[in-house]
Amino acid sequence: MNVAVRVKICCIANEAEAQLAIAHGAAAIGLVSAMPSGPGVIDDATVARVAAAVHGQPVRSFLLTARTRADDIAAQHAAAGTTTLQLVDHVPLPELQRLRARVPGVELVQVVHVTGETALHEALAVAPFVDALLLDSGNPQAAVKQLGGTGRTHDWALARRIRDAVFPLPLWLAGGLRVHNVAEAIATVQPHGLDLCTGVRLGGRLHAPTLAAFMAAVSA
C-alpha cells in the first residue's frame with residue numbers, strides 16, 4: 001500500500017474486525033464510544049478489550065469520544081488504553097490545553113466538520129493545540145448532533161484549502177469515502193490519511209472483499 005497515505009478503519013466492533021483491518025494494511029483502527037447518533041458505538045469495556053488485543057501490533061488505536069471536558073476525556077482515555085484521542089465534538093481551547101497537560105504524550109486529533117467556510121477558521125484556531133486534524137461530514141448543529149459516520153462526502157476543494165492552511169500538521173480525511181471515489185479524494189485533498197467506516201461495511205459488518213478493494217484503490 002502507498003505508505004504516503006495511511007488508512008484508518010473506524011467503527012471497529014470487536015477483536016475480529018480489528019485483526020481483519022490490520023491484516024489488510026490499516027495503519028489505525030477507530031473505536032467509537034458513546035455518541036448522540038451514528039453507527040459503530042461500542043461500550044467502554046469493549047473499547048478497552050479491543051485496544052488491549054491490538055497492543056504491540058503495528059497499528060494505532062483511536063478512541064472516538066464526544067466528551068468535551070478535559071477531566072472526563074482523560075479519565076475515559078485512561079480506562080480505554082488507546083494510543084490516540086479523536087475528539088469528535090468541539091472542545092474549547094482552554095479544555096484542550098488542560099487535556100494536553102493531563103495526557104502528555106497522547107496524540108490528540110481534533111475533528112472539524114466541514115459544513116462551510118467556518119471550518120477553515122475553526123481548523124486554524126485549533127491547529128496549534130493538537131497533533132492532527134480530521135475533516136469529517138457531520139453536523140454538530142443538528143437537533144441531534146451528527147459527529148461522524150454519516151457516509152456523506154463534503155467539499156473536498158475546501159478540505160484541500162484547510163490542508164494547505166495547516167500544513168505540515170497531519171490531516172485525515174473522512175466522510176463518504178468508497179472504492180469508486182478514493183482516488184479523486186487523494187488527488188484533490190492530498191491528506192496524511194484516510195478514515196472510513198460505512199464505506200467498507202456490508203450489513204453493518206466489516207466486509208473483507210470491499211476492504212481489500214478499497215486498499216487496492218488506495219495503492220493504485
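# Helix faces, a helix crossing and selected loop residues

The buried residues of helix 1 are E17, A18, A21 and I22. The model is predicted, and local features need pLDDT of at least 70, side-chain atom pairs count only at pLDDT 80 or more, while totals for chains, interfaces and linings use all residues. Residues are numbered from 1 along each chain as its sequence is written, and side-chain values use heavy atoms, with hydrogens and water left out.

Some terms apply throughout. Buried means under 20% relative accessible area, exposed means over 50%, and partly exposed is in between (1.4 Å probe, protein chains only). Helices (H or I, at least four residues) and strands (E, at least two) are DSSP runs, numbered from the N terminus. Contact, which also underlies the words "touches" and "covers", means heavy atoms within 4.5 Å.

## Helices 1, 2 and 8

The buried residues of helix 1, namely E17, A18, A21 and I22, cover an arc of only 135 degrees around the axis, which puts them on the same side of helix 1. The arc is that of the directions from the helix axis to the C-beta atoms. The face turned away from the buried side of helix 1 carries the exposed residues A16 and A23. The cover over the buried residues of helix 1 includes strand 1, strand 2, helix 2, strand 9 (201-202), strand 10 and helix 8.

Helix 2 (residues 44-54) has T46, V47, V50, A51 and V54 as its buried residues. Seen down the axis of helix 2, these buried residues fall within an arc of 130 degrees, so they line one face of the helix. A45 and A52 are exposed on the other side of helix 2. Helix 1, strand 2 (28-32), strand 3 (60-65) and helix 3 are among the elements that cover the buried residues of helix 2. Just after helix 2, G56 takes a positive phi of about 90 degrees.

Helix 8 (residues 208-219) has twelve residues. From its first C-alpha to its last, helix 8 reaches 16 Å, close to the 16 Å expected at 1.5 Å a residue; the expected span is 1.5 Å times one less than the number of residues. The buried residues of helix 8 are L211, F214, M215 and V218. Seen down the axis of helix 8, they fall within an arc of 95 degrees, so they line one face of the helix. Their cover includes strand 1 (6-9), helix 1 (15-23), helix 7 (182-189), strand 8 (193-196) and strand 10 (205-206).

## Helices 3 and 4

The axes of helix 3 (residues 70-80) and helix 4 (residues 93-102) come within 8 Å and cross at roughly 35 degrees. Axes are lines fitted to C-alpha atoms, for helices over the stretch in contact, and angles run from 0 to 180 degrees between N-to-C directions. The crossing of helix 3 and helix 4 is right-handed, that is, the near helix is turned clockwise from the far one by less than a right angle. A70, D71, I73 and A74 of helix 3 and E95, R98, L99 and R102 of helix 4 make the contact. By class, this contact has four nonpolar, no polar and four charged residues. Ala, Val, Leu, Ile, Met, Phe, Trp, Tyr, Cys and Pro count as nonpolar, Asp, Glu, Lys and Arg as charged, and the others, Gly among them, as polar.

## Loop residues

The table lists loop residues with their relative accessible area.

| Residue | Loop between | Relative accessible area |
|---|---|---|
| C11 | strand 1 and helix 1 | 6%, buried |
| V130 | helix 5 (118-126) and strand 6 | 6%, buried |
| G148 | strand 6 (132-136) and helix 6 (156-166) | 16%, buried |
| Q190 | helix 7 and strand 8 | 40%, partly exposed |

C11 has a positive phi of about 65 degrees although it is not a glycine. Q190, also a residue other than glycine, has a positive phi near 50 degrees.

Not counting residues up to four places away in sequence, V130 touches L96, R100, L108, Q110 and L169. V130 and I42 are 88 residues apart in sequence and 25 Å apart in space, C-alpha to C-alpha. With residues up to four places away in sequence again not counted, G148 touches G38, P39, H113 and D136. G148 and L64 are 84 residues apart in sequence and 9.6 Å apart in space, C-alpha to C-alpha.

The peptide bond from F167 to P168 is cis, with omega near 15 degrees. P168 lies in the loop between helix 6 and strand 7 (171-174).
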